[in-house]
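Reader: I would like a close look at the salt bridges in this protein. Please set the scene briefly, go through them pair by pair, and then add whatever else in the backbone deserves a check.

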Amino acid sequence: MKDKQRTEYACATCGTRQMKWTGQCPKCLEWNTFHEEVRFVEKFDAKKSRITEKPKPIRLKDVTLKETTRFETEIKEFDRMIGGGIVPGSLALVGGEPGIGKSTLMLQLSARIANKGKTVLYVTGEESVEQTTIRARRLGIEEEGLFLLAETNFNHILQEIDDINPDVLIVDSIQVIYKADLPSAPGSVTQVRETTQELMLLSKGRAITTFIIGHVTKGGDIAGPKVLEHLVDTVLYFEGDKQNNFRMIKVVKNRFGPTDEVAVFQMLKGGLAEVPNPSELFLAERVLEVPGAAVSAALEGNRPILIEAQALVSETNFPAPMRRSSGIDQNRLALLLAVLEKKVRYPLYRCDVFVSVAGGLKIVEPGLDLALVLAVASSFRSKPIDRNTCMAGEVGLSGEVRPVARIESRIKEAKHMGFKRFILPKRNMKGLSKEAREGIILVGADFIEEAIDACIN
């Protein structure tokens with residue numbers, strides 16, 4: 001019986017399907033994201049249909065659990081980030097902007113895994129074998145268990161997988177892989193979804209650990225439908241400024257370990273080098289006793305990292321002062337400046353304000369608010385903040401300093417880096433352990449005026 005051809009429209013952002021084209025997706029509310037797809041629907045034949053054995057429900061207490069086995073890659077920061085090592089048969093998605101270092105990390109990861117006696121198949125769809133080999137030799141990679149394949153046809157890739165039978169499969173990137181039996185072009189919603197689903201079945205059925213690399217859109221999301229992230233076991237996001245050497249990998253989803261974990265790497269000539277102590281690296285070029293600089297114990301995932309918030313406030317003759325930020329949300333900066341104008345009576349409406357997070361990091365954690373406010377106040381008054389002072393706190397619209405999460409780990413990181421004073425919300429001081437209080441002066445503040453008076457004389 002012949003298959004029936006049907007035309008549908010799928011949203012490139014969330015994967016929603018409908019029969020007619022519309023300008024706005026009714027689910028994700030994005031505009032101009034629907035693309036035409038041609039699908040072949042198999043007609044139902046009652047004579048040929050048969051009832052397959054259905055799974056039966058099992059009592060929760062009767063389910064026997066198998067211990068999750070892992071193998072380490074010897075890249076300690078990577079292993080810690082994903083929960084202690086790679087789970088065989090897992091499917092991971094690595095996303096990031098072009099040129100951020102995804103392929104470099106995957107090559108280094110392939111070399112470490114192949115060095116442990118496992119077979120790795122690296123499918124490069126965007127580069128030739130020669131180009132990938134040049135990068136590998138520049139990184140000092142020549143392991144015998146690492147195989148390279150320059151192919152974009154998914155059926156041909158499956159044939160090579162049957163011949164090599166690898167332990168680890170890396171696909172770079174999922175946007176260029178296509179199935180010849182699908183009428184849509186490579187990179188379309190249908191191709192990305194179907195190839196990822198085939199890779200998921202392959203990984204689970206043959207216990208092949210698979211990493212797929214995906215590019216991101218202008219909005220910062222991985223190109224393709226959102227269902228792509230639901231199919232995989234682990235989602236890793238690459239962040240960082242290309243102009244700086246720092247790269248941060250965040251775990252957005254992890255079925256085998258904790259989420260929101262962070263690993264920091266540094267791009268060097270020999271590839272990505274793990275940074276076991278990012279606080280020391282971010283504060284290495286810190287200039288002491290300079291107005292407009294404040295150190296904050298920010299929380300990236302479950303890991304406290306000391307970073308420096310810098311601010312420059314200068315008077316302007318223009319009626320509309322400039323507000324520029326790097327590494328933080330500009331709307332958040334406008335809110336904090338409004339709080340300073342209202343509660344501390346700083347005439348910032350006559351000044352240009354520039355704020356930056358040193359190191360090229362992008363911080364969305366609210367614990368950075370207090371450092372930003374104090375950095376702006378320090379620059380406005382041209383008085384530096386004490387070099388031995390660190391801080392953390394969220395600032396509300398009433399000028400209050402609100403408590404933040406995991407304050408003890410932040411204080412511990414500040415003490416480890418040699419800071420002697422820590423500015424924190426007073427409500428965070430309740431319930432602090434004796435260990436957290438020892439060896440450092442804790443200064444509590446209910447409102448930003450108290451914090452400013454404690455730091456800027």
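Author: The protein has 13 helices and 21 strands. The model is a predicted one. Its C-alpha atoms fill a box of roughly 85 × 55 × 55 Å along the principal axes. Of the 457 residues, 48% count as buried. Among contacts with a separation of 6 or more, 66% are between residues 24 or more positions apart.

Now to the salt bridges. A search of the whole structure finds 19 of them. Three pairs are described here, followed by a network.

The pair E74 and K116 comes first in this account. Their side chains meet in a salt bridge with an N to O distance of 3.7 Å. E74 sits in the loop between β3 (34–41) and α1 (76–81), and K116 in the loop between α2 and β5 (120–124), so the salt bridge ties together parts that are 42 residues apart in sequence. Each partner can also be placed by its accessibility. E74 has a relative accessible area of 41% and is partly exposed. For K116 the relative accessible area is 39%, and this residue is partly exposed as well.

The next pair is D233 and R255. Here the side chains meet in a salt bridge at 2.8 Å, N to O. This pair, too, links distant parts of the chain: D233 belongs to the loop between α6 (227–231) and β9 (234–239), while R255 belongs to the loop between β10 (246–254) and β11 (262–268), 22 residues apart. Are the two partners buried or exposed? D233 has 3% relative accessibility and therefore counts as buried, the cut-off being under 20%. R255, at 46% relative accessibility, counts as partly exposed.

T234, in strand β9, follows D233 in the numbering. At 8% relative accessibility, T234 counts as buried. Leaving aside neighbours within four places in sequence, the contacts of T234 are with L91, A92, L93, K253 and N254.

The third pair is R410 and E365. The closest N and O atoms of this salt bridge are 2.7 Å apart. R410 lies in helix α10 (residues 407–416) and E365 in the loop between β16 (351–357) and α9 (369–381), so the bridge joins parts that are 45 residues apart in sequence. Both R410 and E365 are buried. Elsewhere, salt bridges that share partners join E77, R80, E261 and R303 into one network.

The loop that holds K116 is between α2 and β5, and helix α2 itself is worth a look for its packing. Two packed helices are described by the angle between their axes and the distance between the axes. Helix α2 (residues 102–114) packs against helix α3 (residues 129–138) at an angle of about 70°, and the axes are 11 Å apart. That angle makes α2 roughly perpendicular to α3. The crossing of α2 past α3 is right-handed. Which residues meet where α2 and α3 pack? From α2 come S103, T104 and L107, and from α3 come T132, R135 and A136. By class, two of the residues in this contact are nonpolar, three are polar and one is charged.

Last, the backbone. Most residues other than glycine have a negative phi, and most peptide bonds are trans. Three places can be checked with that in mind.

One is the bond between D172 and S173, a cis peptide bond with omega at about 0°. S173 is found in the loop between β7 (168–172) and α5 (189–206).

Another is R345, where phi has a positive value, near 65°, in a residue other than glycine. R345 is in the loop between α8 (330–343) and β16. With a relative accessible area of 65%, R345 is exposed.

The remaining place is R406, where phi is near 55°, again a positive value in a residue other than glycine. R406 lies in the loop between β19 (401–402) and α10, and R410 of the third salt bridge lies in α10. The relative accessible area of R406 is 43%, which makes this residue partly exposed, whereas R410 is buried.

Terms used:
Residues are numbered from 1 along each chain as its sequence is written. This is a predicted model: local features need pLDDT of at least 70, side-chain atom pairs count only at pLDDT 80 or more; totals for chains, interfaces and linings use all residues. Side-chain values use heavy atoms; hydrogens and water are left out. Axes are lines fitted to C-alpha atoms, for helices over the stretch in contact, and angles run from 0 to 180 degrees between N-to-C directions. Helices (H or I, at least four residues) and strands (E, at least two) are DSSP runs, numbered from the N terminus. Angles under 35 degrees count as roughly parallel, over 145 as roughly antiparallel, 65 to 115 as roughly perpendicular and the rest as oblique. A crossing is left-handed if the near helix is turned anticlockwise from the far one by less than a right angle, and right-handed if clockwise. Contact means heavy atoms within 4.5 Å. Ala, Val, Leu, Ile, Met, Phe, Trp, Tyr, Cys and Pro count as nonpolar, Asp, Glu, Lys and Arg as charged, and the others, Gly among them, as polar. A salt bridge is a side-chain nitrogen of Lys or Arg within 4 Å of a carboxyl oxygen of Asp or Glu. Buried means under 20% relative accessible area, exposed over 50%, partly exposed in between (1.4 Å probe, protein chains only).
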